[in-house]
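Visitor: I'm new here and would like a quick tour. Could you show me the structure before I start asking?

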Amino acid sequence: METAASPRRLCRLDDMPDGEAMALDVTLPEGEESVILLRQGEHVKAWLNICPHAGRRLDWAPGKFLISRGMLVCAAHGASFRTEDGECVGGPCKGESLRAIAVHVAKDEVMLGA
């Protein structure tokens, strides 16, 4: 039986191109949210798909993200977020961060939760 703390499968690691990001709609404790998943080799990082500047999505088309020089760039106003930690290092919300979502990879499956 799955509990609220149990990890949930989001996708297969092989479904994600290495070095690219994708968006998935995920049910979190606060409700359904768009989540950015970024694959870096065998690791995946995740954040809410909400720019802290204006509360808009970061993707330039549904599920399509601009990644340039190790930065995830918001399509709305150009804020640049480091792919290591989601901190904004350029643009209108400099010093703020994307909200991280705990994910991990287990047996080639991307799982929600630590």
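What follows is a short set of questions and answers about this model.

Guide: This is a predicted model, where local features need pLDDT of at least 70, side-chain atom pairs count only at pLDDT 80 or more, and totals for chains, interfaces and linings use all residues. Residues are numbered from 1 along each chain as its sequence is written, and side-chain values use heavy atoms, with hydrogens and water left out.

Visitor: In the open sheet of four strands, which strands stand at the edges?

Guide: Strands here are DSSP runs (E, at least two residues), numbered from the N terminus, and two of them pair if DSSP finds at least two bridges between them. The open sheet has the order 5-6-7-8, with antiparallel pairing. A strand with a single partner has one side left without a neighbour in the sheet, so the edges are strand 5 (66-68) and strand 8 (88-90).

Visitor: Which residue in strand 6 stands opposite L66?

Guide: Strand 5 pairs with strand 6 (residues 71-73) in the antiparallel sense, over three bridges. Opposite L66 in strand 6 stands V73.

Visitor: How many residues lie between strand 2 and strand 3 in their hairpin?

Guide: Strand 2 (residues 21-28) and strand 3 (residues 31-40) run antiparallel and are joined by eight bridges. L24 stands opposite V35 in strand 3. The hairpin formed by strand 2 and strand 3 has between them two residues.

Visitor: Why is there no bond between the sulfur of C51 and the closest cysteine sulfur?

Guide: A disulfide is a pair of cysteine sulfur atoms within 2.5 Å, and the structure holds zero of them. C51 is buried (under 20% relative accessible area), at 3% relative accessibility. Its closest cysteine sulfur, in C74, is too far for a bond, at 3.9 Å.

Visitor: How far from C93 is the nearest cysteine sulfur?

Guide: C93 is buried too, with a relative accessible area of 1%. C93 is in no disulfide, and the nearest cysteine sulfur, that of C88, is away by 3.4 Å.

Visitor: With which side chain does the side chain of D59 make a polar contact?

Guide: D59 lies in the loop between strand 4 (43-48) and strand 5, and counts as buried at 9% relative accessibility. A polar contact is a pair of N or O atoms within 3.5 Å; within protein, one must be able to donate a hydrogen and the other to accept it, and residues adjacent in sequence count only if both atoms are side-chain atoms. A polar atom of the D59 side chain lies 2.9 Å from the backbone nitrogen of G63. The side chain in polar contact with that of D59, at 2.7 Å, is R57.

Conventions. Buried < 20%, exposed > 50% of the residue type's maximum accessible area, 1.4 Å probe, protein only.
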